[in-house]
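Reader: Please take me through this model by its charged pairs, its core and its sheet, giving the cut-offs as the terms come up.

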Amino acid sequence: LNVNFVSVDNAHDADIRLLLPLKEQIISLKLADTKITDSALKVISSFVNLRTLYLERTLITDKGLEELVSLNELQQLNLVGTKVTIDGLLLLSKLPALKNIFLYQTRVSTSDWSRLQTAFPNTRLDSGGYQVPILHTDTSMIAPKKK
């Protein structure tokens, strides 16, 4: 099952407990922009088949990441806009299936980056903040006709 809280107003930790009867069937969980905290991750840690977890712009911290170390099927983790640091991330370095971690606007500093790359040699670490060049062929200028 893919579970998405996109249309749930003000989802909190208690709402995550409602998913417990489905914990073995959930492979993707999107909690972006919800009010969940580290306590919700304790419940999520029982979702043994979880492969994708979207936590962007939630209230989770390094303490919550500790709960995720048992998710051996986790392949993708989105932490954009959270308060996580390198300390919390290093706890996840032993996850065997982890392929992508999205870290834009977190508390991971530029000086931490080489240490993270060493700890996650087979994981794509995405720092975001892309600078896309403007190409003249991609730009159209529309102006009124000159009189």
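Charges, core and sheet

Reader: What is the relative accessible area of R124?

Author: The model is a predicted one, in which local features need pLDDT of at least 70 and side-chain atom pairs count only at pLDDT 80 or more, whereas totals for chains, interfaces and linings use all residues. Residues are numbered from 1 along each chain as its sequence is written, and side-chain values use heavy atoms, with hydrogens and water left out. With a 1.4 Å probe and protein chains only, buried means under 20% relative accessible area, exposed over 50%, and partly exposed in between. R124 falls in the partly exposed class, its relative accessible area being 44%.

Reader: Which residue meets the side chain of R124 in a salt bridge?

Author: A salt bridge here requires a side-chain nitrogen of Lys or Arg within 4 Å of a carboxyl oxygen of Asp or Glu. The partner is buried, at a relative accessible area of 7%. Its side chain meets that of R124 at 2.8 Å, N to O, and the residue is D126.

Reader: How many residues apart in sequence are the parts that K30 and E56 tie together?

Author: K30 and E56 form a salt bridge whose closest N and O atoms are 4.0 Å apart; K30 is partly exposed at 27%, while E56 is buried at 7%. Helices (H or I, at least four residues) and strands (E, at least two) are DSSP runs, numbered from the N terminus. K30 belongs to strand β2 (residues 28–30) and E56 to the loop between β3 (52–54) and α3 (62–65), so the parts tied together are separated in sequence by 26 residues.

Reader: Which residue forms a salt bridge with D33, and what is its phi?

Author: The N to O distance in this salt bridge is 2.7 Å, and the partner of D33 is R57. The pair links distant parts of the chain, 24 residues apart, with D33 in the loop between β2 and α2 (38–44) and R57 in the loop between β3 and α3. R57 is partly exposed at 43%. Although R57 is not a glycine, its phi is positive, at about 55°.

Reader: How far from D62 is the nearest side chain of opposite charge?

Author: Lys and Arg count as positive and Asp and Glu as negative, with His and the chain ends not counted. D62, in helix α3, is buried yet has no salt bridge. The nearest side chain of opposite charge belongs to R107, at a distance of 8.0 Å.

Reader: Which element gives the most residues to the largest nonpolar core?

Author: A nonpolar core is a set of buried Ala, Val, Leu, Ile, Met, Phe, Trp, Tyr and Cys residues joined through side-chain atoms within 4.5 Å. The largest one has 37 residues, of which L29, I44 and L79 touch the most other members. Two or more residues come from each of α2, α4 (86–90) and α5 (113–119). The top contributor, with four residues, is α2.

Reader: Which strands stand at the edges of the sheet?

Author: Two strands pair if DSSP finds at least two bridges between them. The open sheet has six strands with parallel pairing, in the order β1-β2-β3-β4-β5-β6. Each edge strand has a single partner, so one side of each is left without a neighbour in the sheet, and these strands are β1 (2–4) and β6 (124–126).

Reader: In β5, which residue is the bridge partner of L77?

Author: Strand β4 (residues 76–78) runs parallel to β5 and is joined to it by three bridges. The bridge partner of L77 in β5 is I101.
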